[in-house]
Amino acid sequence: MILSKTVKTMLGIGTILLPAMAFAADDVEINHLGTNNTLVRVHGDGNYLILPVQEAYEDDARINVLVDGKIEETIYVRLARTKTDYTVPFDITPYKGKNLVLDIVTGQGRNSVRDAKDDVCWDEMVIVDEFDTTNTETKYRPAYHHTPLYGWMNDPNGMFYKDGVWHLYYQKNPYGSKWQNMTWGHSTSTDLITWEQQPDAIKPDGLGAIFSGSSVIDHNNTAGFGEDAIVALFTSAGTSQMQSLAHSNDNGQTFEVYPGNPIITLDTEARDPNMFWNEKTGEWNLVLAHALEKENLFFTSPDLIHWTLSGTFGKGLGAQEGVWECPDLFELVVPETGEKKWVLICNINPGGPFGGSAIQYFIGDFDGKTFTSDTKPDGTVPTKWLDYGKDNYALVSWSDAPDNRRTTVGWMSNWQYAADVPTMQFRSANTLPREMELFTSPDGEIYVASVPSPELLKLRDKVVDKASNKTISGNSLNYKLPADGIAEIELSFEATGNDVVSFTLANAQDEKVVMKYDAKNRTMSFDRRQSGIVDFSQKFPAVTVAPTFEDSGKITLRLFLDRSSIELFGNNGEFVMTNLVFPHEPYSKLSIESKNGDAKLSDLKVYSLSV
């Protein structure tokens, strides 16, 4: 993620190193009250209080932020005991001129106050004016995918497009690289490639943490917040989950939380509201994940504030192993017939085809009240997967995208190991942006294609290797990749009979990713078991397999390689696999081989990318 120097300075984000320009130690007064309770009085005039973090401990310290004796907010941080892995900043500028005290309750495990005083965090809490935001993890931080500047990120949410700007909000922990303190982080882009970090948009409040949701532009002022106000609906997650509202009159930079929150309460767990204006019915529609019941709930509203339950869908259908989350609902055209069909996205965790989290979807009809899925001739509802890799989850679309586009982005990780991947300054990236389209397979079934967004063509720099009209069978075709391993590979080939065509990305350490097309079974596989660092989780080494939805043996592939990910799009997005990889050094070559047939390579281009 590319960030301007101005934005970095504005944010004052800390790095893995303790920052310079610290104020005197007496600007932070430490008072130990017991084995697990400490008061930190902040006297300094700087902008940020440094909080040292050590990830090894599972228990977060609870920090009540007291301003003039009243609790302003509560945050949770894994304060360092024996060593500091990295630091995070706590913004104290809103409290200048006030009595600021942090009432900290740490985890148990100390035998005495003396033991508690030995925690290294107390000596390293300092006040600073600004921070060095230089990326300390260039090895695996993506070059052209959106990532948080620091800390933890999961679901994208609240996304909208307005006045040439793509707004991406996301689940963020501002105080560490593990899940906690769920806040709406915010980034913006004019090209879907280069992202600028903005100040956090919506922070936890008295109703709880801020979970996923959606945003819309209220063009007709139905809610009364003003014409073209941005209205956000999200899950407040405290003791229970409920739905809350906020609005923005400055194009999504800052939000005012609705004083009448929560606006939807249920006697069961439900989350991740996704809303849109229905032109046909002249009202707002909302789909809400009825998480533990493994179904979706539908609501209608005239004003975005008062919602009426109108229908349900999903009980006993599709993949039911895990919790249903992060729904989306939109209409697309079937190119072959011109008819319109509705697509209902249902993210699920666990229960994915290769373990952990994944994206299933249904195709059918929506009457403004509830959704009805298409069925097969035998009356069954098939389970359809949007991505056959392990690392695409919580995918949702931008509202008000230009030219009636249905542009989406997902969280590029998996709940099985997201907190254990070998990065620490930041954790997780988003997938590349993708356009949703429908296609009909040879057996007459309608599916969703995920097509790389057209803006990605601007990344192409130059062709570093190419080929055309090559016989694969009996040969090992070898092609070079850019030295930094950051590339797009575009190729087309044909294989028939029992042919199996393999495409291997490898480096000098013999780390490799092997992708194979099986012409007999019409499948494409992706093997990352020897891709590099794989031992941080037993769930990470894997072979994923996708059906190719064709009967011709003619395949086109677009592969996007970044520092820690590979995204494979086959036949214009009809089959997709998104997988993380962590090689010790970049992949430097592509080898193509085949067995049992007469496979032909029609065309190949390897592009370096301008990032």
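These legends accompany an overall view and several close-up views of a predicted model.

**View A. The whole chain, with its 3 helices and 42 strands.** The C-alpha trace spans about 75 × 60 × 45 Å along its principal axes. For 611 residues a compact globule would have a radius of gyration near 25 Å, and the 25 Å of this chain therefore agrees with that expectation. Buried residues account for 61% of the 611 residues, and among contacts between residues at least 6 apart in sequence, 64% join residues at least 24 apart. The chain exposes about 23,400 Å², of which carbon and sulfur atoms supply 46%. The chain carries 53 positive and 83 negative charges, and the mean positions of these two groups lie 6 Å apart.

**View B. Strand S22 (residues 340-349) and its surroundings.** In this strand 9 of the 10 residues are buried, that is, under 20% relative accessible area, so S22 is largely enclosed by the rest of the structure. Strand S21 (residues 323-333) pairs with S22 in the antiparallel sense over 9 bridges, and within this pairing Leu332 stands opposite Lys341 of S22. The hairpin formed by S21 and S22 has 6 residues between the strands, and there Gly338 takes a positive phi near 85 degrees.

**View C. The pairing of S22 with strand S23 (residues 358-366).** These two strands are joined by 7 bridges and pair in the antiparallel sense. Asn347 is found opposite Ile359, a residue of S23.

**View D. An open sheet of 3 strands in the order S6-S3-S8.** The pairing in this sheet is antiparallel. Strand S6 (86-91) and strand S8 (127-128) stand at the edges, and because each has a single partner strand, one side of each is left without a neighbour in the sheet. Strand S3 (residues 48-53) runs antiparallel to S8, to which it is joined by 2 bridges, and the bridge partner of Tyr48 is Val128 in S8.

**View E. An open sheet of 4 strands in the order S13-S14-S15-S16.** Here too the title sheet has antiparallel pairing. The edge positions are taken by strand S13 (209-218) and strand S16 (256-257), each with a single partner strand, so that one side of each has no neighbour in the sheet. S13 pairs with strand S14 (residues 229-237) in the antiparallel sense over 8 bridges, and in this pairing Val216 has Val231 of S14 as its bridge partner.

How values were computed
Residues numbered from 1 in each chain as written. Predicted model: local features only at pLDDT ≥ 70, side-chain atom pairs only at ≥ 80, totals over all residues. Heavy atoms only, no water. Buried < 20%, exposed > 50% of the residue type's maximum accessible area, 1.4 Å probe, protein only. Pairing = 2+ DSSP bridges. Rg over C-alpha atoms; globule rule 2.2 N^0.38 Å. Contact = heavy atoms within 4.5 Å. Areas by Shrake-Rupley, 256 points an atom, 1.4 Å probe, with all protein chains shown as cover. Lys, Arg positive; Asp, Glu negative; His and termini not counted. Charge placed at Lys NZ, Arg CZ, Asp CG, Glu CD.
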